[in-house]
Structure formats: structure tokens, C-alpha cells
Amino acid sequence: MLTVGLTGGITVGLTGGIGSGKSTAAELLSELGATVIDADRVGHEVYLPGTKGWDQVVAAFGEGVVGDQGSIDRKQLGAIVFADEGQLAKLNGIVHPLIRDAVRDKVAAAKIARPAVPVVIEAAVLIEAKWYDLVDEVWVVVAEPQTVIERVTASRGLDESAVRARIDAQLSNQERTERADVVIDNNGSLDELRTQVERLSKERLFRVG
Ligand code: ADP
């Protein structure tokens with residue numbers, strides 16, 4: 001359901017593969033006035049010490065994933081789950097519902113604080129986790145694998161095979177675009193990305209009535 005204009009701001013789910021340009025697009029949308037909720041950051045909060053997420057992760061993966069000061073050691077956990085799809089599914093089964101609830105609460109709080117302001121949920125796993133009921137529209141950022149590899153190897157110090165492995169482990173651009181209301185093509189320059197995001201913002205986020 002579209003809820004724009006006087007009835008309140010729209011909620012958009014912004015997703016895409018590793019290095020597609022989600023964060024860059026989210027930053028632009030934030031500059032344009034949207035409230036951006038970063039599900040990845042929320043993901044770090046859901047298993048902080050003292051939370052039920054912490055209890056569940058430690059029960060599932062053992063004390064070995066508990067690091068300094070009792071927090072979950074993301075490197076340890078990553079080493080377990082990225083080596084084994086079954087373990088990754090187990091972790092996702094624990095954290096995705098927790099992240100979903102926390103994101104839903106943050107959206108609700110944003111709508112109460114600033115009802116007319118559009119909300120953008122930046123979430124790599126939006127489609128995998130099927131969070132469609134949290135959003136009015138799904139926007140997918142796509143870039144060709146070779147472009148992603150060039151950008152991510154340059155910016156994050158990962159080597160080509162590591163980036164390729166992550167691309168292969170995720171949904172393809174086609175699988176994502178099949179679910180998209182809007183596709184943002186980020187194969188071009190940053191200026192081209194900005195132009196698209198500004199146009200979309202005008203047409204779909206801040207239009208009145
Ligand atoms: P994601 O959040 O989807 O993983 P990022 O927004 O972090 O992707 O983009 C990955 C890298 O590519 C970043 O270093 C970013 O600055 C760069 N980048 C994104 N879009 C472009 C573009 N159109 N041209 C050049 N570099 C880009």
C-alpha cells in the first residue's frame with residue numbers, strides 16, 4: 001500500500017548484492033531527506049551481551065564465539081558460518097527474525113517522530129528474509145559482477161576470489177530484479193547514480209498527494 005502525502009511517508013526497502021552500491025544510494029537518499037535505517041547495523045545490535053539474541057547465538061554455536069568483554073566475536077562466528085551453508089542458515093534463522101522486529105520498531109518510531117518523512121530500510125537480506133511486509137516498495141541496486149569486483153577490491157581490500165565467492169553465494173541480480181518495484185542501475189558513474197536517485201526521490205519519495 002502506498003502511503004504518501006498527507007497520510008504519511010512511504011517506506012522503501014533498498015537492497016542489492018555486495019558492492020552493488022546500496023550504502024552509496026542510501027547515503028544519497030539520506031542527504032535528500034529520507035530517514036535511513038541500516039539493517040546491517042541493527043544486525044550488530046541484536047546479539048549484544050544481555051540480549052536474547054546473544055543467548056540464542058551462544059546456545060547454537062557454543063562459548064567459542066564469545067569474545068572479549070562477553071560480546072559475540074563476529075570473526076569467529078563468520079569463520080563458522082561462511083564455511084558451512086547449514087551453519088549460516090542456522091545463524092540466519094536466529095538473527096533475521098530479531099533484526100526484522102528491531103527494524104519494524106525503528107520504522108514505527110520514525111513514523112511517529114516524523115510522519116511525513118519517507119523511510120528507507122537498507123537491507124542486504126531484504127529479499128532472502130522476505131521482509132516485504134515491512135515496506136511499500138522494493139528498490140534493487142544492481143551492478144555487473146565485474147564492476148562490483150573492481151569497486152570492492154579497490155575499496156575494501158578483499159581479493160578478487162573472495163569477492164567472487166560472495167557474489168556467487170548471494171542471489172543473482174536477476175533474482176533480485178524479479179522482486180523489484182524499482183531497479184537502480186549502478187554500472188555507471190557516481191554522478192549517474194546520483195541523477196537516478198534524485199529522480200526517484202522526486203517521483204516516488206517526496207511527491208505530494
Ligand atoms: P554496498 O553497500 O551495496 O555493498 P557500496 O555502496 O559500499 O556497496 O559500494 C561499493 C563500493 O563501490 C564503495 O567503495 C563505493 O564508494 C563504490 N561505488 C558505488 N557506486 C559507485 C559508482 N557508481 N562509481 C564508482 N564507485 C562506486
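Me: What makes up the lining of the largest pocket, going by how its residues divide?

Reply: They split into 23 nonpolar, 15 polar and 12 charged. Here Ala, Val, Leu, Ile, Met, Phe, Trp, Tyr, Cys and Pro count as nonpolar, Asp, Glu, Lys and Arg as charged, and the others, Gly among them, as polar. Keep in mind that this is a predicted model, where local features need pLDDT of at least 70 and side-chain atom pairs pLDDT 80 or more, while totals for chains, interfaces and linings use all residues. Residues are numbered from 1 along each chain as its sequence is written, and side-chain values use heavy atoms, leaving out hydrogens and water.

Me: Why is it called a pocket?

Reply: Because, on a 1 Å grid over the protein atoms alone, it's an open set of points with protein on both sides within 12 Å along at least five of seven lines. Lining residues have an atom within 4 Å of a point. There are 50 of them here, and Asp40, Phe82, Ala124, Val125 and Gln170 are closest to the centre. Helix 5 (85-113) gives the most, with 8 residues; a helix is a DSSP run (H or I, at least four residues), numbered from the N terminus.

Me: How do you know where the ligand sits?

Reply: The ligand sits in the largest pocket, which means more than half of its atoms lie within 2 Å of the pocket's grid points.

Me: What makes a residue count as near the ligand?

Reply: One of its heavy atoms has to lie within 4 Å. The ligand has 15 residues around it, and Lys22, Ser23, Thr24, Arg156 and Asn186 come nearest.

Me: Why is the pair between Arg156 and the ligand called a polar contact?

Reply: An oxygen atom of the ligand is 2.8 Å from an N or O atom in the Arg156 side chain. A polar contact is a pair of N or O atoms within 3.5 Å, so this pair qualifies. Asn186 also has a side-chain N or O atom 2.8 Å from a ligand nitrogen, and for Gly188 a backbone N or O atom lies 2.9 Å from a ligand nitrogen.

Definitions and conventions:
Polar contact = N/O pair within 3.5 Å; in protein donor to acceptor, adjacent residues only side chain to side chain. 1 Å grid on protein atoms, 1.4 Å probe; cavity = no way out; pocket = protein on both sides within 12 Å on 5 of 7 lines; lining within 4 Å. Helix = DSSP H or I, 4+ residues; strand = E, 2+ residues; numbered from the N terminus.
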